[in-house]
Amino acid sequence: MLKVRNTILASPLLLAPMAGLTHSALRTLLLSFGGIGLLSTEMLSARRLPVENNKISPYLITTEAEHPLSYQLLITDVQEVIPAIEALHRFAADFIDINFGCPAPRVRKSGGGSSLMSNPELVRDIIRTARKSTHLPLSAKIRLGECLDESTLRDFCLMLQDEGLDLLTVHARLRGESFARKPRWEWVGKVKKWLDIPVVANGGIFSVDDAARCLSLSGADGLMIGRAAAQKPWLFAEIARALYSVDVQGVSICLPQIYGQFVVGLSRFRPERRLGRLKEFSHYFALNYAFGHHLAMSVQKSTTVEQAWQQATDFFAKTDSNGLAQVATNDILNAISS
Ligand SMILES: Cc1cc2nc3c(=O)[nH]c(=O)nc-3n(C[C@H](O)[C@H](O)[C@H](O)COP(=O)(O)O)c2cc1C
């Protein structure tokens, strides 16, 4: 259990915000396995949010079941904060997260994401304004900074806490470090020692063993999982059961069925918004198979979601026919063709 402000999370396992991946279809799939304490949207432009329609925007569509749900804001200017938070209140957000970690050049150029860590006074204004504007739990997600520098990182984290942040997630890499580099979980441990608010560790957790090692090196209050959520949507349930004794029902893992479930979830989006999301998910999910690149590539080359599903079933027929036998393939085709 993890208490954040006035909310108790059923498990200290959080879904990482991921552009193109953490939408309603993936969240619903994750919920079907259980073990997850907090869901997330992908990063949302604070500037655009006030004019978005949450009934049709593919970034904002959610179902009744998708709670608690954290909305991540990509902020570039303090003026954007109040209108964006008002929009999140209208959308019945459960948590508000602010992105200070994204290293993508496009995001940095706009003045958001990790570029903000070099401008602590602007960050202070953003958090102070956000804190005054909401009673919802307020969190932030950071990387370790530009270079390993304890005092800069410590001052930054303490400033976030002093301004009223409720939870801090640390992606245990420097701004310029790629996923190929081993995450520096011990640095999350330093942050944990400096702060009184809950600190969540993120980066490189793909198994129960990774989660256990990350916890022992960081002493974190919770774990945030990104890419593995799309690769192994059942991982939260496994970690919750093994490390936190959360009572999660055992579910059998049938990969074609899970893939089909995701495809059905995509039918919540307008037809032109489905294929891109299926390609993004397939890139990670295909890693479950020794020859999964065939699955990922054939979906990648597809020009319609129906064709992609046909390619996927051809792949499963060759590599996982027992699994495929458990899937109502025509029902899935009907769901995504509607
Ligand atoms: C496809 C993709 C999209 C991402 N989008 C976001 C985002 O919108 N906001 C954010 O804070 N981090 C984003 N991230 C970073 C993840 O939240 C996470 O910090 C990172 O993937 C490390 O965690 P993992 O090793 O569990 O994947 C993204 C990562 C990936 C792979």
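Reader: In this predicted model, which atom of the ligand does a polar side-chain atom of Asn202 lie close to, and at what distance?

Author: Read such a contact as a pair of N or O atoms within 3.5 Å. Here the partner is an oxygen atom of the ligand, and the polar side-chain atom of Asn202 lies 2.6 Å from it.

Reader: Which residues hold N or O atoms beside a nitrogen atom of the ligand?

Author: Look at Ala19 and Gln72. A polar backbone atom of Ala19 is 2.9 Å from a ligand nitrogen. For Gln72 the side chain does the work: one of its N or O atoms is 2.8 Å from a nitrogen atom of the ligand.

Reader: How many residues surround the ligand, and which are the closest?

Author: The count is 19. The closest are Gln72, Asn202, Gly204, Gly226 and Arg227. Gln72 and Asn202 are thus on the list of closest residues, and each also has a polar side-chain atom facing the ligand at the distances above.

Reader: How much of the accessible area of the ligand does the protein cover?

Author: Compare the ligand alone with the ligand in place. On its own it has 610 Å² of accessible area, and the protein covers 90% of that.

Reader: Now the rings. How many aromatic pairs are there?

Author: Ring centres must lie within 6.5 Å to pair. That rule gives eleven aromatic pairs. Take Phe33 and Trp234 as a case. Their centres are 6.4 Å apart and their planes meet at 65°, which makes the pair edge-to-face.

Reader: Which parts of the chain does the pair of Phe33 and Trp234 tie together?

Author: Phe33 lies in helix H1 (residues 24-33). Trp234 lies in the loop between helix H8 (227-231) and helix H9 (235-244). The pair therefore ties together parts that are 201 residues apart in sequence.

Reader: Are Phe33 and Trp234 buried or exposed?

Author: Buried means under 20% relative accessible area. Phe33 has 6%, so it is buried. Trp234 has 10%, so it counts as buried too.

Reader: Why is the pair of Phe262 and Phe281 stacked?

Author: Check the angle: planes under 30 degrees apart count as stacked. The planes of Phe262 and Phe281 are at 10°, with the ring centres 3.7 Å apart, so the pair is stacked. Phe262 is in helix H10 (residues 255-266) and Phe281 in helix H11 (residues 274-285), so the pair ties together parts 19 residues apart in sequence. Both Phe262 and Phe281 are buried.

Reader: Which residues do ring pairs link into a cluster?

Author: Phe262 and Phe281 belong to it, along with Tyr259, Phe285, Tyr289, Trp309, Phe315 and Phe316.

Reader: Which ring does the charged end of Lys190 sit over?

Author: The ring of Trp187, with the charged end 4.9 Å from its centre. Arg277 offers another case: it lies over the face of Tyr59, 5.7 Å from the ring centre.

Reader: On to the backbone. Which residues have a positive phi without being glycine?

Author: Start with the rule: most residues other than glycine have a negative phi. Arg5 departs from it, with a positive phi of about 55°. Arg5 sits in the loop between strand E1 (2-4) and strand E2 (7-9). At 35% relative accessibility it is partly exposed. Ser245 is another case, with phi near 50°. Ser245 is in the loop between H9 and H10, and it is exposed at 65% relative accessible area.

Reader: Which peptide bond is cis, from His67 to what residue?

Author: Most peptide bonds are trans. The bond from His67 to Pro68 is cis, with omega near -10°. Pro68 lies in the loop between strand E4 (39-45) and strand E5 (69-74).

Reader: What does the side chain of Thr22 reach?

Author: The backbone nitrogen of Glu42, at 3.3 Å. Thr22 lies in the loop between strand E3 (13-15) and H1. Its relative accessible area is 0%, so Thr22 is buried. Within H1, Ala25 is also buried, at 2%.

Reader: Last, the whole chain. What radius of gyration does it have?

Author: It has 20 Å, which agrees with the value near 20 Å for a compact globule of 338 residues. The C-alpha atoms fill a box of roughly 55 × 45 × 35 Å along the principal axes. The chain has 15 helices and ten strands. Buried residues make up 56% of the 338.

Note on methods. Residues are numbered from 1 along each chain as its sequence is written. This is a predicted model: local features need pLDDT of at least 70, side-chain atom pairs count only at pLDDT 80 or more; totals for chains, interfaces and linings use all residues. Side-chain values use heavy atoms; hydrogens and water are left out. Rings of Phe, Tyr and Trp (its six-membered ring) pair if their centres lie within 6.5 Å; planes under 30 degrees apart count as stacked, over 60 as edge-to-face and the rest as tilted. Helices (H or I, at least four residues) and strands (E, at least two) are DSSP runs, numbered from the N terminus. Buried means under 20% relative accessible area, exposed over 50%, partly exposed in between (1.4 Å probe, protein chains only). A charge sits over a ring if NZ of Lys or CZ of Arg is within 6 Å of the ring centre and within 35 degrees of the ring normal. A residue is near a molecule or strand if one of its heavy atoms lies within 4 Å of it. A polar contact is a pair of N or O atoms within 3.5 Å; within protein, one must be able to donate a hydrogen and the other to accept it, and residues adjacent in sequence count only if both atoms are side-chain atoms. Accessible areas come from the Shrake-Rupley method with a 1.4 Å probe; for residues, only the protein chains shown count as cover. The radius of gyration is taken over C-alpha atoms; the globule rule is 2.2 Å times the number of residues to the power 0.38.
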